Amino acid sequence: RHTVLGFAAALAIITYVDRVCISKSADLMMQDLNLTKEQMGYAFSAFGWAYALFEIPGGWLGDRIGPRLVLMRVVVMWSLFTIATGWAWGLASLVVFRFLFGAGEAGCFPNVTKAFTLWLPAPERVRAQGIMWLSARWGGAFTPLVVVWVLTFMSWRGTFTVFGLIGIVWAFFFYRWFRDDPRRHPSVNAAELKLIGDTHANAVGHGRVPWGNLLRSRTVWMLWLQYFCMSYSWYFYITWMPTYLKESFPTLGKWESALLNCIPLFFGGLGSLFCGLISQRLADRYGTATGRRRIAVFGFAMAGVMLLVATQFKNPLYAMLAVGFASFGNDLALPGAWGACMDVGGRNAGSLSGSMNMMGN
């Protein structure tokens with residue numbers, strides 16, 4: 001089961017590397033393709049809309065045929081369209097490629113969440129989400145540095161090819177190793193199966209999702225609402241942050257800007273990890289739902305206050321540190337939200353988590 005978590009962490013890094021690299025390449029792409037900032041915004045939005053619209057279908061497909069097949073296919077798909085981004089010759093082609101890239105990435109986290117319900121005992125699931133989201137955030141945090149370094153060797157077009165190939169390699173090894181049912185994996189012994197427990201209730205192979213029950217659930221509606229609020233401010237970090245730094249603080253050097261751009265997602269990863277590590281203690285002390293609510297409410301309040309504080313600083317380091325603390329607070333709610341999808345959704349965890357991520361996007 002630790003190998004499953006390792007695959008999930010690696011995929012989370014790849015997901016955010018592929019997603020964030022365009023923000024650091026945006027200036028070069030706009031120059032080469034003769035795009036305005038508004039037109040570049042269409043490319044960012046194309047990804048966002050596709051990512052949102054295909055969340056539920058991607059999660060449902062994982063519930064239906066299993067995360068092994070779905071993850072292999074969607075990772076190959078988005079990796080190919082990451083490569084294709086480097087082939088764009090104008091606005092229309094760029095928008096199409098980013099839309100199809102988003103459609104592929106939409107299946108990622110709902111299916112990883114589904115895999116966790118099959119392979120991990122309940123007390124380990126939120127901690128696993130914390131580790132996975134730490135990996136995702138840090139993958140995004142350090143991507144600007146990696147892109148700046150890669151751009152010293154090749155054009156922006158070449159960087160998309162390099163990053164896309166990494167995902168195809170992951171898909172090959174994951175498909176060879178992973179099984180939807182841990183009982184059918186030769187590396188899982190009887191002791192680990194006992195530890196994982198009976199996950200038969202979460203098994204794949206069904207097609208009907210009880211949307212009526214979910215739509216009548218106040219918990220589901222609150223999950224959707226909080227994820228929208230979380231994503232609203234967070235999306236700025238992976239799209240326009242480098243442009244904001246360049247225009248607001250024009251004296252910053254290339255590497256200074258790249259380092260400052262790492263701060264929000266780096267701090268967000270720490271928030272995810274912290275939540276994952278203490279979630280079970282809070283659950284043991286206050287109950288699962290109350291423990292999650294307490295850390296989430298504290299985190300959101302902290303995020304709102306620190307975003308307001310950030311606007312008061314004229315020093316780029318202080319401004320970005322304040323945004324970093326906002327991101328830390330934001331992500332204190334993240335693993336618990338996905339954990340709630342696993343607990344509430346059960347065998348429909350892929351579909352429910354997909355709907356939550358859709359509402360956020």
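The following is a set of questions and answers on a predicted model of one protein chain.

Trainee: How many helices and how many strands are in the chain?
Mentor: The model is predicted, and the elements are counted from its atoms. No strands are found, as the strand count is zero. The helix count is 17.

Trainee: Why does the chain count as compact as a globular protein of its length?
Mentor: The globule rule gives 21 Å for 361 residues. The chain itself has a value close to that, so it is as compact as a globular protein of that length. Its C-alpha atoms fill a box of roughly 60 × 40 × 35 Å along the principal axes. The radius of gyration of the chain is 20 Å.

Trainee: What percentage of the residues in the chain are buried?
Mentor: A residue is buried when its relative accessible area is under 20%. The accessible surface of the chain comes to about 15700 Å², and carbon and sulfur atoms hold 67% of that surface. Of the 361 residues, the buried share is 57%.

Trainee: What share of the contacts with a separation of 6 or more is between residues 24 or more positions apart?
Mentor: Contacts here are counted from a separation of 6 upward. Among them, the pairs 24 or more positions apart account for 84%.

Trainee: How far apart are the centres of the positive and negative side chains?
Mentor: The chain has 30 positive side chains and 17 negative ones. Each set has its own centre, and the two centres lie apart by 6 Å.

Trainee: Which helices does the salt bridge between Arg157 and Asp32 tie together?
Mentor: The structure holds 10 salt bridges, and this pair, with N to O at 3.5 Å, is one of them. Arg157 and Asp32 sit in separate helices, so the salt bridge ties together parts that are 125 residues apart in sequence. The helices are H8 (residues 156–177) for Arg157 and H1 (residues 2–33) for Asp32.

Trainee: Are Arg157 and Asp32 buried, exposed or partly exposed?
Mentor: Partly exposed covers values between the cut-offs of 20% and 50%. Arg157 has a relative accessibility of 25%, and Asp32 has 43%. Arg157 is therefore partly exposed, and Asp32 is likewise partly exposed.

Trainee: Which residue forms a salt bridge with Asp331?
Mentor: The closest N and O atoms of the pair are 2.6 Å apart. Asp331 lies in helix H15 (residues 316–331) and its partner in helix H7 (residues 122–150), so the pair ties together parts that are 194 residues apart in sequence. Both residues are buried. The partner is Arg137.

Trainee: Which residue of the salt bridge between Asp181 and Arg183 is exposed?
Mentor: The side chains of Asp181 and Arg183 meet at 3.1 Å, N to O. Asp181 has a relative accessible area of 22%, so it is partly exposed. A relative accessible area of 55% makes the other residue exposed, and that is Arg183.

Trainee: Where does Tyr16 lie, and what is its relative accessible area?
Mentor: Tyr16 is in contact with residues including Phe109, Trp133, Arg137 and Trp234, leaving aside neighbours within four places in sequence. Tyr16 and Arg137 are 121 residues apart in sequence, but their C-alpha atoms are 7.2 Å apart in space. Tyr16 lies in helix H1. Tyr16 is buried, with a relative accessible area of 2%.

Trainee: Is Thr15 buried or exposed?
Mentor: Thr15 is also placed in helix H1. Beyond its neighbours within four places in sequence, Thr15 is in contact with Trp78, Glu105, Cys108 and Phe109. Its relative accessibility is 0%, so Thr15 counts as buried.

Trainee: How far apart in space are Val188 and Arg1?
Mentor: Val188 lies in the loop between H8 and helix H9 (190–196), and at 13% relative accessibility Val188 counts as buried. Not counting residues up to four places away in sequence, Val188 touches Trp119, Pro182 and Leu193. Val188 and Arg1 are 187 residues apart in sequence, while the distance in space, C-alpha to C-alpha, is 8.2 Å.

Trainee: What is the phi of Asn34?
Mentor: Most residues other than glycine have a negative phi. Asn34 is in the loop between H1 and helix H2 (37–53), and at 67% relative accessibility Asn34 counts as exposed. Asn34 is not a glycine, yet its phi is positive, at about 55°.

Terms used
Residues numbered from 1 in each chain as written. Predicted model: local features only at pLDDT ≥ 70, side-chain atom pairs only at ≥ 80, totals over all residues. Heavy atoms only, no water. Helix = DSSP H or I, 4+ residues; strand = E, 2+ residues; numbered from the N terminus. Rg over C-alpha atoms; globule rule 2.2 N^0.38 Å. Buried < 20%, exposed > 50% of the residue type's maximum accessible area, 1.4 Å probe, protein only. Contact = heavy atoms within 4.5 Å. Areas by Shrake-Rupley, 256 points an atom, 1.4 Å probe, with all protein chains shown as cover. Lys, Arg positive; Asp, Glu negative; His and termini not counted. Charge placed at Lys NZ, Arg CZ, Asp CG, Glu CD. Salt bridge = Lys/Arg side-chain N within 4 Å of Asp/Glu carboxyl O.
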